[in-house]
Amino acid sequence: MTAASPNNPIDIAELLAFYASAGVDEALEDTPINRFAEVKPKQAERVSATAAPARESRPQERPAAEPGFDASWAAERPAASTRLDASQVPDAPRRPTLTAAVPDEGQIMLARQLAASASTLDELRQHMAAFDGCNLKFTAKNLVFADGNPNAELMLVGEAPGRDEDLEGLPFVGRSGRLLDRMLAAIGLDRTSAYIANVIPWRPPGNRTPTPHETEICRPFIERQIELVNPKVLVNLGGPSAKTLLNTTEGILRLRGNWRVHTTASGTAIPAMPTLHPAYLLRTPAHKKLAWRDFLEVKAKLRALATS
Ligand code: URA
């Protein structure tokens, strides 16, 4: 018998089939990493969920802004030295990964049952922490449940945690999170007056795009989270959030800026504004003005709902 050759496609296919049958469904690095040897980073103490975003240089030009609101984020361009690393940009081109589909419809059912049985956000968090049906949990360091004020009138939902979020166990704490904080500040809000979560609560390895199957497994949790928070207004940050929660296949550039409705399992209709993801805005600053318009719409909607 000849030894398996790394250049023979048949040998490679057999090896991959062996890995898949053994449950190894992700190839992340060229060389093995001993995760047990890694020191778990200390959870950064988040003294206040309202930490002010880092101040950045003044913009060259400012978009039209209401008096009293700092819209400088909408006009800023990335510094020449800015280098976005894929871990900070969830929808940037990802490293290739090998993914074997795992037929576990049962996990979707289980996620639905667990989500529906949670009557508080704390219970939901506990159910999610105990849930083993999503493979992403096993490569993530932390469950990224939420940040902000669960009694807020505004809830924002992104796609999935990146590296920084995984390390801290909080959504939007990396570079795109700092931009999001500034966008919120521009309409007079911060993490004491907004609640932030993601469709997927575990970081996909290497920041790859979550598979449709992973999204379906996690969907009941985020839907229940929205239902329990019961915000007056929902903001979908980026296409994956909009597509998942607004049941549409339309692209975000067409969706954004137009009010939609997210309907909860109990039938509550929540006005939802799809907008551009902060990570996208960091790469495409010319589109910040579009997000700025969307945030002004959100602000106007919150005002109108407060007086109605
Ligand atoms: N991008 C997201 O969609 N969510 C996060 O929490 C961070 C980056």
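Let's start with the ligand. Eleven residues surround it, and the closest are Glu-159, Ala-160, Phe-172, Asn-198 and His-277. A residue is near the ligand here if one of its heavy atoms lies within 4 Å of it. Keep in mind that this is a predicted model: local features need pLDDT of at least 70, side-chain atom pairs count only at pLDDT 80 or more, and totals for chains, interfaces and linings use all residues. Residues are numbered from 1 along each chain as its sequence is written, and side-chain values use heavy atoms, with hydrogens and water left out.

Now the polar contacts, meaning pairs of N or O atoms within 3.5 Å. A polar backbone atom of Glu-159 sits 2.8 Å from a ligand oxygen. For Phe-172, again a polar backbone atom and a ligand oxygen, the distance is 2.9 Å. A ligand nitrogen is 3.1 Å from a polar backbone atom of Ala-160. How much of the ligand does the protein cover? It covers 99% of the 240 Å² of accessible area that the ligand has on its own, by Shrake-Rupley with a 1.4 Å probe.

Next, Glu-159 and Pro-240. They are 81 residues apart along the chain, yet their C-alpha atoms are separated by 5.9 Å. Pro-240 is in helix α7, residues 239-246; helices are DSSP runs of H or I, at least four residues, numbered from the N terminus. Is Pro-240 buried or exposed? Neither: it counts as partly exposed because its relative accessibility is 35%, where buried is under 20%, exposed over 50%, and partly exposed in between (1.4 Å probe, protein chains only).

Terms used. Polar contact = N/O pair within 3.5 Å; in protein donor to acceptor, adjacent residues only side chain to side chain. Helix = DSSP H or I, 4+ residues; strand = E, 2+ residues; numbered from the N terminus.
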